[in-house]
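Colleague: I should be grateful for a close reading of a single part of this model, with attention to how its helices pack and how its charged side chains pair.

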Amino acid sequence: MQQHSAEGSRSVFEIEIGSPTSRARLPKSAGENASRGPAKYPPHLVEVEAIQSKQTQIFHKVYFPDDSDQAFEVNSGTRAKDFCQNVADRLGLKSAEGFSLFVKISDKVISVPEGDFFFDFVRHLTEWIKKSRPAKEGIFPNLTYQVFFMKKLWSTTVVGQDPNADCIFHFHQELPKYLRGYHRIPKSDCVALAALHYRVRFGDDKSNFSSIPQILEELVPNDMVGEFQPEEWKKQIVAAYNKNAGKSRGEAKISFLRIISRFPTFGSAFFEVKQTTEAKFPEILLIAINKNGVNLIDLDSKSILTTYPFTKISNWSSGTTYFHMTIGNLVRGSKLLCETTLGYKMDDLLTSYISLMLQTMNKARAAGGGPQGAPSQSGKAPAPAAASAAPAAAGKAAGAAKSKQPAAGAGKPAGKPRSAFAGKALAAAKRK
(Lines give C-alpha, C1' and ligand atoms only; values in the text may rest on other atoms or scores of the structure.)
Protein backbone atom coordinates (compact mmCIF):
# COMPACT_ATOMS: atom_id res chain seq x y z
CA MET A 1 0.00 0.00 0.00
CA GLN A 2 1.27 3.44 -0.80
CA GLN A 3 2.31 5.54 2.19
CA HIS A 4 0.77 9.02 2.19
CA SER A 5 2.03 12.04 4.07
CA ALA A 6 -0.35 13.05 6.83
CA GLU A 7 -0.64 16.00 9.15
CA GLY A 8 -2.83 15.18 12.13
CA SER A 9 -6.03 13.74 10.70
CA ARG A 10 -5.57 15.39 7.31
CA SER A 11 -4.10 13.66 4.28
CA VAL A 12 -3.30 14.89 0.79
CA PHE A 13 -3.25 12.09 -1.75
CA GLU A 14 -1.07 11.53 -4.80
CA ILE A 15 -2.82 8.38 -5.82
CA GLU A 16 -1.60 5.08 -7.16
CA ILE A 17 -4.27 2.60 -8.13
CA GLY A 18 -4.36 -1.15 -8.38
CA SER A 19 -3.39 -2.09 -4.82
CA PRO A 20 -5.09 -5.27 -3.55
CA THR A 21 -6.23 -3.35 -0.44
CA SER A 22 -8.58 -1.30 -2.59
CA ARG A 23 -10.93 -4.28 -2.40
CA ALA A 24 -11.66 -3.67 1.29
CA ARG A 25 -15.05 -2.25 2.20
CA LEU A 26 -15.85 0.78 4.29
CA PRO A 27 -18.68 0.89 6.83
CA LYS A 28 -21.96 1.70 5.18
CA SER A 29 -21.93 5.29 6.42
CA ALA A 30 -18.72 6.02 4.50
CA GLY A 31 -19.88 4.45 1.27
CA GLU A 32 -23.37 5.85 1.26
CA ASN A 33 -24.92 9.27 1.70
CA ALA A 34 -28.61 9.02 2.44
CA SER A 35 -29.47 12.38 0.94
CA ARG A 36 -27.48 11.75 -2.23
CA GLY A 37 -28.19 8.07 -2.86
CA PRO A 38 -25.93 5.04 -2.52
CA ALA A 39 -22.51 4.72 -4.07
CA LYS A 40 -22.49 2.28 -6.99
CA TYR A 41 -19.02 0.79 -6.45
CA PRO A 42 -16.91 -0.51 -3.55
CA PRO A 43 -14.81 2.10 -1.75
CA HIS A 44 -11.67 3.39 -3.37
CA LEU A 45 -8.26 2.75 -1.82
CA VAL A 46 -8.13 6.35 -0.57
CA GLU A 47 -11.34 5.90 1.41
CA VAL A 48 -10.11 2.60 2.84
CA GLU A 49 -6.81 4.10 3.97
CA ALA A 50 -8.57 7.06 5.56
CA ILE A 51 -10.66 4.72 7.72
CA GLN A 52 -7.75 2.40 8.53
CA SER A 53 -5.59 5.29 9.72
CA LYS A 54 -8.53 6.94 11.53
CA GLN A 55 -8.29 10.08 9.45
CA THR A 56 -11.37 12.29 9.54
CA GLN A 57 -10.53 14.31 6.44
CA ILE A 58 -9.36 13.39 2.96
CA PHE A 59 -7.73 16.13 0.90
CA HIS A 60 -7.27 15.52 -2.83
CA LYS A 61 -4.79 17.51 -4.89
CA VAL A 62 -6.21 19.22 -7.97
CA TYR A 63 -4.08 20.71 -10.76
CA PHE A 64 -4.90 23.80 -12.83
CA PRO A 65 -3.80 24.91 -16.33
CA ASP A 66 -1.56 27.68 -14.95
CA ASP A 67 0.64 24.99 -13.31
CA SER A 68 -0.69 25.70 -9.84
CA ASP A 69 -2.44 23.19 -7.60
CA GLN A 70 -4.46 23.09 -4.39
CA ALA A 71 -5.83 20.41 -2.08
CA PHE A 72 -9.59 20.04 -1.58
CA GLU A 73 -11.52 18.03 0.93
CA VAL A 74 -13.55 15.17 -0.54
CA ASN A 75 -15.55 12.34 0.98
CA SER A 76 -17.64 9.37 -0.12
CA GLY A 77 -20.68 11.58 -0.71
CA THR A 78 -18.90 14.18 -2.84
CA ARG A 79 -20.27 14.34 -6.37
CA ALA A 80 -18.19 15.78 -9.18
CA LYS A 81 -20.60 18.72 -9.45
CA ASP A 82 -20.08 19.55 -5.77
CA PHE A 83 -16.33 19.17 -6.18
CA CYS A 84 -16.38 21.59 -9.15
CA GLN A 85 -18.39 24.15 -7.17
CA ASN A 86 -15.96 23.90 -4.25
CA VAL A 87 -13.03 24.55 -6.57
CA ALA A 88 -14.80 27.47 -8.26
CA ASP A 89 -15.63 29.04 -4.89
CA ARG A 90 -12.07 28.66 -3.62
CA LEU A 91 -10.60 30.25 -6.74
CA GLY A 92 -13.11 33.08 -6.74
CA LEU A 93 -14.67 32.16 -10.08
CA LYS A 94 -17.98 33.80 -10.88
CA SER A 95 -19.48 30.51 -12.03
CA ALA A 96 -18.58 26.82 -12.28
CA GLU A 97 -20.61 26.49 -15.49
CA GLY A 98 -18.62 24.89 -18.29
CA PHE A 99 -15.88 23.63 -15.96
CA SER A 100 -15.17 19.97 -15.32
CA LEU A 101 -12.88 17.63 -13.42
CA PHE A 102 -10.60 15.48 -15.55
CA VAL A 103 -8.70 12.37 -14.54
CA LYS A 104 -5.37 11.92 -16.32
CA ILE A 105 -4.13 8.36 -16.28
CA SER A 106 -1.64 6.76 -18.62
CA ASP A 107 -2.23 8.31 -22.07
CA LYS A 108 -5.87 9.27 -21.47
CA VAL A 109 -7.57 12.33 -20.00
CA ILE A 110 -11.16 11.50 -19.04
CA SER A 111 -13.87 13.93 -17.94
CA VAL A 112 -15.72 13.04 -14.75
CA PRO A 113 -19.53 13.16 -15.23
CA GLU A 114 -20.79 15.85 -12.87
CA GLY A 115 -23.56 13.65 -11.48
CA ASP A 116 -21.15 10.91 -10.40
CA PHE A 117 -19.76 10.42 -6.93
CA PHE A 118 -16.11 11.35 -7.35
CA PHE A 119 -14.69 8.26 -5.68
CA ASP A 120 -17.21 6.04 -7.49
CA PHE A 121 -15.84 7.24 -10.79
CA VAL A 122 -12.24 6.80 -9.68
CA ARG A 123 -12.99 3.31 -8.37
CA HIS A 124 -14.64 2.34 -11.65
CA LEU A 125 -11.65 3.72 -13.51
CA THR A 126 -9.44 1.57 -11.29
CA GLU A 127 -11.37 -1.55 -12.25
CA TRP A 128 -11.22 -0.61 -15.91
CA ILE A 129 -7.45 -0.21 -15.74
CA LYS A 130 -7.11 -3.57 -14.01
CA LYS A 131 -9.12 -5.28 -16.74
CA SER A 132 -7.24 -3.58 -19.56
CA ARG A 133 -3.87 -4.26 -17.94
CA PRO A 134 -4.09 -7.63 -16.16
CA ALA A 135 -1.81 -8.42 -13.25
CA LYS A 136 1.29 -10.42 -14.08
CA GLU A 137 2.36 -13.09 -11.59
CA GLY A 138 0.17 -11.56 -8.91
CA ILE A 139 1.63 -8.07 -9.34
CA PHE A 140 -1.05 -5.43 -9.88
CA PRO A 141 -0.41 -2.52 -12.27
CA ASN A 142 0.88 0.50 -10.40
CA LEU A 143 -0.46 3.58 -12.20
CA THR A 144 -0.56 7.09 -10.79
CA TYR A 145 -3.43 9.38 -11.75
CA GLN A 146 -3.86 13.11 -11.43
CA VAL A 147 -7.00 15.21 -11.22
CA PHE A 148 -7.28 18.41 -13.25
CA PHE A 149 -9.90 21.15 -13.21
CA MET A 150 -10.37 22.89 -16.57
CA LYS A 151 -12.89 24.67 -18.79
CA LYS A 152 -14.67 22.06 -20.89
CA LEU A 153 -17.67 23.83 -22.45
CA TRP A 154 -17.20 27.38 -23.75
CA SER A 155 -20.79 28.18 -24.72
CA THR A 156 -21.18 31.16 -22.38
CA THR A 157 -17.54 32.28 -22.11
CA VAL A 158 -17.07 36.05 -22.48
CA VAL A 159 -13.51 37.33 -22.18
CA GLY A 160 -13.11 39.92 -19.44
CA GLN A 161 -16.28 38.91 -17.60
CA ASP A 162 -14.39 36.77 -15.09
CA PRO A 163 -10.72 37.85 -14.82
CA ASN A 164 -9.83 34.95 -12.50
CA ALA A 165 -11.17 32.41 -15.00
CA ASP A 166 -9.36 34.21 -17.83
CA CYS A 167 -6.01 34.26 -16.05
CA ILE A 168 -6.05 30.80 -14.45
CA PHE A 169 -7.86 28.82 -17.16
CA HIS A 170 -8.81 30.46 -20.45
CA PHE A 171 -5.40 31.92 -21.31
CA HIS A 172 -3.44 28.78 -20.43
CA GLN A 173 -5.88 26.49 -22.25
CA GLU A 174 -5.95 28.64 -25.39
CA LEU A 175 -2.20 29.30 -25.59
CA PRO A 176 -1.19 25.76 -26.74
CA LYS A 177 -3.85 25.82 -29.48
CA TYR A 178 -2.50 29.17 -30.69
CA LEU A 179 1.10 27.89 -30.76
CA ARG A 180 0.10 24.71 -32.61
CA GLY A 181 -1.31 26.88 -35.37
CA TYR A 182 -4.90 25.72 -35.10
CA HIS A 183 -6.38 29.20 -35.65
CA ARG A 184 -6.28 31.14 -38.91
CA ILE A 185 -4.57 34.32 -37.72
CA PRO A 186 -3.51 37.37 -39.76
CA LYS A 187 0.15 38.40 -39.44
CA SER A 188 -0.70 41.65 -37.66
CA ASP A 189 -2.67 39.81 -34.98
CA CYS A 190 0.08 37.24 -34.71
CA VAL A 191 2.62 39.97 -33.90
CA ALA A 192 0.31 41.47 -31.28
CA LEU A 193 -0.33 38.05 -29.70
CA ALA A 194 3.39 37.25 -29.62
CA ALA A 195 4.11 40.57 -27.87
CA LEU A 196 1.38 39.93 -25.29
CA HIS A 197 2.68 36.42 -24.69
CA TYR A 198 6.17 37.86 -24.16
CA ARG A 199 4.74 40.25 -21.55
CA VAL A 200 2.95 37.38 -19.80
CA ARG A 201 6.23 35.44 -19.61
CA PHE A 202 8.69 38.20 -18.81
CA GLY A 203 6.60 41.12 -17.53
CA ASP A 204 8.47 44.44 -17.85
CA ASP A 205 11.85 42.71 -18.29
CA LYS A 206 13.25 43.72 -21.68
CA SER A 207 16.54 41.87 -21.25
CA ASN A 208 15.19 38.89 -23.21
CA PHE A 209 14.53 40.88 -26.39
CA SER A 210 17.82 39.60 -27.83
CA SER A 211 16.59 36.02 -27.34
CA ILE A 212 13.37 36.46 -29.33
CA PRO A 213 14.82 34.92 -32.54
CA GLN A 214 15.79 31.83 -30.53
CA ILE A 215 12.42 31.44 -28.79
CA LEU A 216 10.17 32.30 -31.74
CA GLU A 217 8.43 28.91 -31.62
CA GLU A 218 7.42 29.71 -28.03
CA LEU A 219 5.85 33.01 -29.08
CA VAL A 220 4.55 32.46 -32.63
CA PRO A 221 2.38 29.67 -34.13
CA ASN A 222 4.55 26.96 -35.66
CA ASP A 223 3.05 27.51 -39.12
CA MET A 224 3.75 31.25 -38.99
CA VAL A 225 7.42 31.26 -37.98
CA GLY A 226 8.58 31.31 -41.60
CA GLU A 227 6.48 34.35 -42.53
CA PHE A 228 9.30 36.73 -41.48
CA GLN A 229 13.01 36.47 -40.89
CA PRO A 230 13.82 36.02 -37.18
CA GLU A 231 15.20 39.56 -36.85
CA GLU A 232 12.08 41.01 -38.50
CA TRP A 233 9.90 39.07 -36.04
CA LYS A 234 11.98 40.49 -33.21
CA LYS A 235 11.64 44.05 -34.52
CA GLN A 236 7.86 43.83 -34.86
CA ILE A 237 7.30 42.03 -31.56
CA VAL A 238 9.40 44.59 -29.66
CA ALA A 239 7.45 47.46 -31.26
CA ALA A 240 4.11 45.84 -30.33
CA TYR A 241 5.39 45.14 -26.80
CA ASN A 242 6.32 48.78 -26.28
CA LYS A 243 2.78 49.85 -27.23
CA ASN A 244 1.50 47.85 -24.23
CA ALA A 245 3.80 49.52 -21.70
CA GLY A 246 2.42 49.40 -18.18
CA LYS A 247 0.22 46.34 -18.67
CA SER A 248 0.40 43.71 -15.95
CA ARG A 249 0.75 40.02 -16.74
CA GLY A 250 -2.94 39.50 -15.97
CA GLU A 251 -4.00 42.36 -18.24
CA ALA A 252 -1.79 40.95 -21.00
CA LYS A 253 -3.52 37.56 -20.67
CA ILE A 254 -6.94 39.15 -21.05
CA SER A 255 -5.79 41.27 -24.03
CA PHE A 256 -4.42 38.08 -25.63
CA LEU A 257 -7.79 36.38 -25.15
CA ARG A 258 -9.71 39.34 -26.56
CA ILE A 259 -7.84 38.94 -29.85
CA ILE A 260 -8.18 35.13 -29.95
CA SER A 261 -11.89 35.32 -29.12
CA ARG A 262 -12.57 37.15 -32.39
CA PHE A 263 -11.85 33.97 -34.32
CA PRO A 264 -14.60 31.38 -34.90
CA THR A 265 -12.33 28.63 -33.53
CA PHE A 266 -11.97 30.25 -30.09
CA GLY A 267 -12.81 27.85 -27.26
CA SER A 268 -12.53 24.78 -29.49
CA ALA A 269 -11.24 21.32 -28.74
CA PHE A 270 -9.16 20.28 -31.77
CA PHE A 271 -8.66 16.79 -33.18
CA GLU A 272 -6.51 15.75 -36.14
CA VAL A 273 -8.28 12.85 -37.85
CA LYS A 274 -8.22 10.81 -41.02
CA GLN A 275 -11.63 10.86 -42.72
CA THR A 276 -12.61 8.17 -45.21
CA THR A 277 -16.04 9.22 -46.55
CA GLU A 278 -16.03 12.71 -48.09
CA ALA A 279 -14.07 12.93 -51.35
CA LYS A 280 -14.55 16.72 -51.44
CA PHE A 281 -12.58 17.11 -48.19
CA PRO A 282 -8.88 16.38 -47.56
CA GLU A 283 -8.13 12.95 -46.14
CA ILE A 284 -6.45 14.49 -43.08
CA LEU A 285 -8.74 16.97 -41.36
CA LEU A 286 -8.67 19.16 -38.30
CA ILE A 287 -11.97 18.87 -36.43
CA ALA A 288 -12.89 21.63 -33.99
CA ILE A 289 -15.77 21.05 -31.58
CA ASN A 290 -17.05 24.26 -30.04
CA LYS A 291 -20.27 26.10 -29.19
CA ASN A 292 -21.13 26.40 -32.90
CA GLY A 293 -21.03 22.65 -33.53
CA VAL A 294 -18.57 20.36 -35.28
CA ASN A 295 -16.25 22.25 -37.64
CA LEU A 296 -14.20 20.60 -40.38
CA ILE A 297 -11.00 22.55 -41.04
CA ASP A 298 -8.35 22.30 -43.74
CA LEU A 299 -5.19 21.47 -41.83
CA ASP A 300 -2.97 23.47 -44.21
CA SER A 301 -4.96 26.66 -44.84
CA LYS A 302 -6.91 26.58 -41.52
CA SER A 303 -10.04 27.44 -43.52
CA ILE A 304 -13.32 26.14 -42.10
CA LEU A 305 -14.67 23.82 -44.80
CA THR A 306 -18.06 23.32 -43.18
CA THR A 307 -19.78 23.50 -39.81
CA TYR A 308 -22.38 21.00 -38.63
CA PRO A 309 -24.61 22.65 -35.96
CA PHE A 310 -25.58 20.33 -33.13
CA THR A 311 -29.21 20.42 -34.30
CA LYS A 312 -28.16 18.74 -37.56
CA ILE A 313 -26.26 15.85 -35.96
CA SER A 314 -28.56 12.86 -35.59
CA ASN A 315 -26.21 10.13 -34.42
CA TRP A 316 -22.63 9.52 -33.32
CA SER A 317 -20.50 6.70 -31.95
CA SER A 318 -16.90 6.06 -31.02
CA GLY A 319 -14.47 3.25 -30.39
CA THR A 320 -10.83 2.68 -29.67
CA THR A 321 -9.75 3.77 -33.15
CA TYR A 322 -12.68 5.68 -34.62
CA PHE A 323 -15.34 8.38 -34.36
CA HIS A 324 -18.46 8.20 -36.56
CA MET A 325 -21.14 10.84 -37.00
CA THR A 326 -24.37 11.06 -39.01
CA ILE A 327 -25.54 14.46 -40.24
CA GLY A 328 -29.21 14.97 -41.09
CA ASN A 329 -31.87 12.30 -41.41
CA LEU A 330 -30.82 8.84 -40.22
CA VAL A 331 -32.01 7.34 -43.52
CA ARG A 332 -30.91 9.97 -46.02
CA GLY A 333 -28.27 11.75 -43.99
CA SER A 334 -24.58 11.78 -44.75
CA LYS A 335 -21.95 10.11 -42.61
CA LEU A 336 -18.53 11.21 -41.49
CA LEU A 337 -16.21 8.32 -40.61
CA CYS A 338 -12.97 9.27 -38.90
CA GLU A 339 -9.94 7.30 -37.78
CA THR A 340 -8.68 8.60 -34.44
CA THR A 341 -7.62 7.32 -31.04
CA LEU A 342 -9.42 10.27 -29.40
CA GLY A 343 -12.95 9.25 -30.38
CA TYR A 344 -13.92 8.95 -26.72
CA LYS A 345 -13.13 12.64 -26.18
CA MET A 346 -15.07 13.73 -29.26
CA ASP A 347 -18.03 11.59 -28.17
CA ASP A 348 -17.99 13.06 -24.67
CA LEU A 349 -17.74 16.65 -25.90
CA LEU A 350 -20.56 16.22 -28.39
CA THR A 351 -22.80 14.68 -25.75
CA SER A 352 -21.95 17.41 -23.24
CA TYR A 353 -22.53 20.33 -25.62
CA ILE A 354 -25.86 18.94 -26.79
CA SER A 355 -26.92 18.20 -23.22
CA LEU A 356 -26.14 21.81 -22.27
CA MET A 357 -28.03 23.05 -25.31
CA LEU A 358 -31.11 21.02 -24.39
CA GLN A 359 -30.97 22.23 -20.78
CA THR A 360 -30.85 25.81 -22.05
CA MET A 361 -33.83 25.18 -24.34
CA ASN A 362 -35.82 23.60 -21.52
CA LYS A 363 -35.09 26.51 -19.17
CA ALA A 364 -36.21 28.94 -21.87
CA ARG A 365 -39.44 27.00 -22.38
CA ALA A 366 -40.07 26.86 -18.64
CA ALA A 367 -39.64 30.63 -18.50
CA GLY A 368 -42.09 31.03 -21.36
CA GLY A 369 -39.41 32.10 -23.80
CA GLY A 370 -39.70 29.24 -26.24
CA PRO A 371 -36.75 27.26 -27.61
CA GLN A 372 -34.64 30.26 -28.53
CA GLY A 373 -32.00 29.36 -25.92
CA ALA A 374 -29.98 27.28 -28.38
CA PRO A 375 -30.72 28.11 -32.01
CA SER A 376 -28.85 26.59 -34.87
CA GLN A 377 -26.27 28.67 -36.72
CA SER A 378 -28.90 29.78 -39.20
CA GLY A 379 -30.98 31.13 -36.31
CA LYS A 380 -33.77 28.59 -36.80
CA ALA A 381 -35.18 26.62 -33.92
CA PRO A 382 -34.16 22.95 -33.80
CA ALA A 383 -36.26 20.65 -35.90
CA PRO A 384 -38.96 18.79 -33.93
CA ALA A 385 -37.40 15.46 -34.86
CA ALA A 386 -34.10 16.61 -33.40
CA ALA A 387 -35.56 18.13 -30.24
CA SER A 388 -37.44 14.98 -29.21
CA ALA A 389 -35.56 11.73 -29.63
CA ALA A 390 -37.32 8.42 -30.15
CA PRO A 391 -37.90 6.48 -26.92
CA ALA A 392 -35.76 3.63 -28.24
CA ALA A 393 -32.84 5.98 -28.80
CA ALA A 394 -33.26 7.46 -25.32
CA GLY A 395 -33.34 3.92 -23.95
CA LYS A 396 -30.06 3.08 -25.62
CA ALA A 397 -28.51 6.22 -24.21
CA ALA A 398 -29.79 5.49 -20.72
CA GLY A 399 -28.39 1.98 -21.01
CA ALA A 400 -25.03 3.38 -22.01
CA ALA A 401 -25.11 5.74 -19.04
CA LYS A 402 -25.91 2.88 -16.66
CA SER A 403 -22.99 0.86 -17.99
CA LYS A 404 -20.77 3.63 -16.55
CA GLN A 405 -17.80 3.23 -18.87
CA PRO A 406 -15.05 5.74 -17.99
CA ALA A 407 -15.54 7.29 -21.42
CA ALA A 408 -17.20 6.29 -24.64
CA GLY A 409 -14.85 4.04 -26.54
CA ALA A 410 -11.98 4.52 -24.11
CA GLY A 411 -10.22 1.22 -24.51
CA LYS A 412 -13.37 -0.83 -25.08
CA PRO A 413 -14.32 -2.79 -28.21
CA ALA A 414 -16.20 -1.13 -31.02
CA GLY A 415 -19.93 -1.09 -30.36
CA LYS A 416 -23.25 0.07 -31.72
CA PRO A 417 -24.04 3.77 -32.06
CA ARG A 418 -25.29 4.71 -28.63
CA SER A 419 -28.10 7.11 -29.44
CA ALA A 420 -29.80 9.54 -31.74
CA PHE A 421 -29.37 13.26 -30.98
CA ALA A 422 -31.35 14.24 -27.88
CA GLY A 423 -31.76 10.75 -26.42
CA LYS A 424 -28.08 10.42 -25.72
CA ALA A 425 -27.72 13.94 -24.41
CA LEU A 426 -30.83 13.72 -22.25
CA ALA A 427 -29.45 10.58 -20.63
CA ALA A 428 -26.26 12.51 -19.88
CA ALA A 429 -28.32 15.40 -18.50
CA LYS A 430 -30.14 13.04 -16.14
CA ARG A 431 -26.82 12.14 -14.54
CA LYS A 432 -26.21 15.78 -13.61
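The exchange below examines one helix and its surroundings.

Colleague: Please look closely at helix H6, residues 187–202. At what angle do H6 and H7 pack, which residues of H6 and H8 meet, and which side chain meets that of Lys 187 in a salt bridge?

Modeller: The model is a predicted one, and the description that follows should be read as such. As a setting for H6, the chain contains 12 helices and 18 strands. Of its 432 residues, 50% are buried. Among contacts between residues at least 6 apart in sequence, 63% join residues at least 24 apart.

Two packed helices are described by the angle between their axes and the distance between the axes. For H6 and helix H7, which spans residues 230–243, the angle is about 70 degrees and the axes are 8 Å apart. Because angles of 65 to 115 degrees count as roughly perpendicular, H6 and H7 are roughly perpendicular to each other. The crossing in which H6 passes H7 is right-handed. On the H6 side, the contact is made by Cys 190, Val 191, Ala 192, Ala 194, Ala 195, Tyr 198 and Arg 199. H7 contributes Trp 233, Gln 236, Ile 237, Ala 240 and Tyr 241. Sorted by class, the contact of H6 with H7 comprises 10 nonpolar residues, one polar residue and one charged residue.

The packing of H6 with helix H8, residues 249–260, has an angle of about 155 degrees, with the axes 8 Å apart. Since angles over 145 degrees count as roughly antiparallel, H6 and H8 are roughly antiparallel to each other. Here H6 passes its partner H8 in a left-handed crossing. The residues of H6 that take part are Asp 189, Ala 192, Leu 193, Leu 196, Arg 199, Val 200, Arg 201 and Phe 202. They meet Arg 249, Ala 252, Lys 253, Ser 255, Phe 256, Ile 259 and Ile 260 of H8. By class, the contact of H6 with H8 divides into nine nonpolar, one polar and five charged residues. Ala 192 and Arg 199 are named both in the contact with H7 and in the contact with H8.

The charged residues of H6 deserve separate attention. Side chains of opposite charge can pair when their charged atoms come close. The chain as a whole has eight salt bridges. One of the pairs joins the side chains of Arg 199 and Asp 204, with an N to O distance of 2.9 Å. What is the exposure of Arg 199, buried or exposed? Arg 199 has a relative accessible area of 2%, and because buried means under 20%, Arg 199 is buried. Its partner Asp 204 stands at 57% relative accessibility and counts as exposed. The pair thus brings together a buried arginine and an exposed aspartate.

A further salt bridge involves Lys 187, whose side chain meets that of Glu 227 at 3.2 Å, N to O. This pair links distant parts of the chain: Lys 187 belongs to helix H6, whereas Glu 227 lies in the loop between H6 and H7, and the two are 40 residues apart. Lys 187 has 39% relative accessibility and counts as partly exposed. Glu 227, at 37%, likewise counts as partly exposed.

For reference, a salt bridge outside H6 may be set beside these. The side chains of Asp 348 and Lys 152 meet at 2.8 Å, N to O. This pair also links distant parts of the chain, with Asp 348 in helix H9, residues 343–366, and Lys 152 in the loop between strand S10 and helix H5. The two residues are 196 residues apart. Asp 348 is partly exposed, at 26% relative accessibility, while Lys 152 is buried, with a relative accessible area of 13%.

To summarise the part in question, H6 lies roughly perpendicular to H7 and roughly antiparallel to H8. Arg 199 contributes to the contact with H7, contributes to the contact with H8 and meets Asp 204 in a salt bridge. Lys 187 is paired with Glu 227, in the loop between H6 and H7.

Technical notes
Residues numbered from 1 in each chain as written. Predicted model: local features only at pLDDT ≥ 70, side-chain atom pairs only at ≥ 80, totals over all residues. Heavy atoms only, no water. Axes fitted to C-alpha atoms, helices over the stretch in contact; angles between N-to-C directions. Helix = DSSP H or I, 4+ residues; strand = E, 2+ residues; numbered from the N terminus. Parallel < 35°, antiparallel > 145°, perpendicular 65-115°, else oblique. Left-handed = near helix turned anticlockwise from the far one by under 90°. Contact = heavy atoms within 4.5 Å. Nonpolar A, V, L, I, M, F, W, Y, C, P; charged D, E, K, R; others polar. Salt bridge = Lys/Arg side-chain N within 4 Å of Asp/Glu carboxyl O. Buried < 20%, exposed > 50% of the residue type's maximum accessible area, 1.4 Å probe, protein only.
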